[in-house]
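Colleague: I'm new to this one. Could you walk me through it?

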Amino acid sequence: MINRLDILAAPEPDGATSGVWPTTLRRLDSGEFSVGGVPVGELVAEFGTPLYVLDEAEFARRARVWKAAMGEAFADLAETDVYYAGKAFLCIAVARTAAMEGLGVDTCTEGELATALAAGVPGSRIGLHGNNKSRAEISLALDHGIGHLVVDSLPELALVDSIAAERGVVADVMLRVTTGVHAGGHEHIATAHEDQKFGLSIADGAARRAVERAVGAEHVRLTGLHSHIGSQILAVAGFRAAAEAVLRLRAEAVRELGIEIPEVDFGGGYGVRYTVLDSIPPSPAEFASILAEAAAANVEETGVPAPRVSIEPGRSIVGPAGMTLYTVGTIKTVEAEDGPRRYVSVDGGMSDNPRPILYGADYTAALASRAPSEGVRTRIVGKHCESGDIVVRSVSLPADLAAGDILAVPATGAYGRSMASNYNHVPRPGVVAVRDGRARWIVRRETVADILALDAGYGK
Ligand code: LLP
């Protein structure tokens with residue numbers, strides 16, 4: 001059971017990214033939490049619960065740490081770029097913060113692309129992924145001169161070529177290749193092994209054929225190779241193996257086909273801690289130096305100069321910068337096989353954080369509205385009509401917890417709001433950004449009226 005919050009709330013040293021809570025989290029003398037300089041009580045009074053809270057300074061700091069780590073690791077070798085993977089959480093405010101920190105923005109749908117564009121991110125600083133992009137998505141990308149248009153298959157390469165021809169332009173494209181690496185992480189989010197839907201296999205020759213095809217296509221210019229091996233990966237070995245495989249393919253293209261490929265993108269997937277029981281993941285500096293070592297070794301081995309290198313972290317920038325506030329409702333205690341277990345129901349659940357039910361993900365929680373006392377074994381559950389609707393499987397929370405108390409669940413910044421649903425017609429919570437003692441909506445809260453507004457029968 002986890003209850004070491006007060007240690008974790010200490011600010012992390014510069015450059016550290018292994019914290020579970022945002023670095024601005026404090027317990028005030030009153031016992032209440034504050035985040036980004038705003039007491040939780042004020043947040044709840046003004047914005048209600050459930051509520052996603054994003055510590056903007058922490059988001060910006062993590063973006064900076066990644067950018068500096070890549071710059072330093074590749075200093076003598078290559079130019080680098082970091083693209084914030086918007087699928088983890090995207091709105092106009094975070095796209096702007098990422099851009100202000102010198103990051104590009106990686107998107108994977110028309111909606112994400114439109115959001116990055118609405119934020120004013122230049123097309124040349126945006127990426128677009130997807131294994132089944134629509135004509136509309138490809139057209140939007142070409143109209144805005146998207147810098148990283150990542151082509152996933154041969155049929156898509158032909159489609160991009162033909163849409164570019166219709167428009168009389170030449171499309172810059174990267175090719176997504178699969179390296180055969182299985183780096184761990186949940187099966188649903190691993191992406192580089194052979195038997196899954198993404199990318200062009202290096203092993204079966206599809207990647208090499210696509211390189212030749214891209215170079216032969218009249219309205220396409222091949223600018224790079226791309227690899228993404230999966231998500232929430234906590235070891236460097238998979239990244240090293242994937243980088244080696246992609247760089248080998250690139251060197252082969254130069255030496256055997258005479259094809260220059262200026263850039264490689266090693267994708268995202270860098271894991272974070274959700275609870276203090278999770279092992280500490282490698283730091284951005286460690287991940288970056290593994291990639292740089294692979295690039296240096298490839299130059300040494302092949303004599304082909306290093307490419308420009310980019311990466312696309314999402315979770316490790318936004319995950320621990322966010323947390324969710326819930327209000328406690330009903331409480332009961334049952335006799336479980338291994339002793340008493342208290343069930344604490346909160347006013348959200350699997351609709352605002354589907355990760356526990358989808359991936360068996362574990363989170364922790366703390367009492368945020370007053371000082372905690374001696375804890376008992378607790379399971380935090382949501383308000384949905386499913387018994388699997390678990391928010392936190394097991395955590396020690398004060399024995400005197402009562403309806404109306406506020407709980408904070410950390411590290412919900414990534415894949416929380418972005419995967420939220422309206423299951424059971426529950427409106428999705430909004431996101432409030434806190435910074436320097438001020439709080440504001442960056443994504444407004446949905447209401448039941450919003451849900452009814454889409455119902456074609458409403459009012460008829
Ligand atoms: N680049 C590409 C091509 C990706 O597919 C992804 C994630 C990323 C970058 C960013 O990965 P990150 O650094 O955030 O791990 N819903 C799952 C995660 C799905 C990740 C999908 N792709 C979860 O909640 O764990």
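Modeller: Sure, here come a few questions and answers, and keep in mind that this is a predicted model.

Colleague: Into which domains is the protein chain divided?

Modeller: There are two stretches to look for, and one of the domains is written in two segments. The centres of domain 1 and domain 2 are 33 Å apart, taken over C-alpha atoms. Their contact takes 22 residues from domain 1 and 22 residues from domain 2. The bounds to remember are domain 1 (26-55 + 320-453) and domain 2 (57-318).

Colleague: And where does the ligand sit?

Modeller: Look at what surrounds it: the shell draws at least three residues from each of domain 1 and domain 2. By class, that shell has 6 nonpolar, 7 polar and 6 charged residues. As for the place itself, the ligand sits in the largest pocket.

Colleague: Which polar side-chain atom lies 2.6 Å from a nitrogen atom of the ligand?

Modeller: Let's go through some polar contacts. His228 has a polar side-chain atom 3.4 Å from an oxygen atom of the ligand. Arg315 uses a backbone N or O atom, 2.8 Å from a ligand oxygen atom. The side-chain atom 2.6 Å from a ligand nitrogen atom belongs to Glu312.

Colleague: How much of the ligand's exposed area does the protein bury?

Modeller: Start with those contacts again, including the one from Glu312 at 2.6 Å. Taken alone, the ligand exposes 590 Å². Of that area, the protein buries 92%.

Methods:
Residues numbered from 1 in each chain as written. Predicted model: local features only at pLDDT ≥ 70, side-chain atom pairs only at ≥ 80, totals over all residues. Heavy atoms only, no water. Polar contact = N/O pair within 3.5 Å; in protein donor to acceptor, adjacent residues only side chain to side chain. Areas by Shrake-Rupley, 256 points an atom, 1.4 Å probe, with all protein chains shown as cover. 1 Å grid on protein atoms, 1.4 Å probe; cavity = no way out; pocket = protein on both sides within 12 Å on 5 of 7 lines; lining within 4 Å. Sits in = over half its atoms within 2 Å of the grid points. Nonpolar A, V, L, I, M, F, W, Y, C, P; charged D, E, K, R; others polar. Domains from an automatic or database assignment. Contact = heavy atoms within 4.5 Å.
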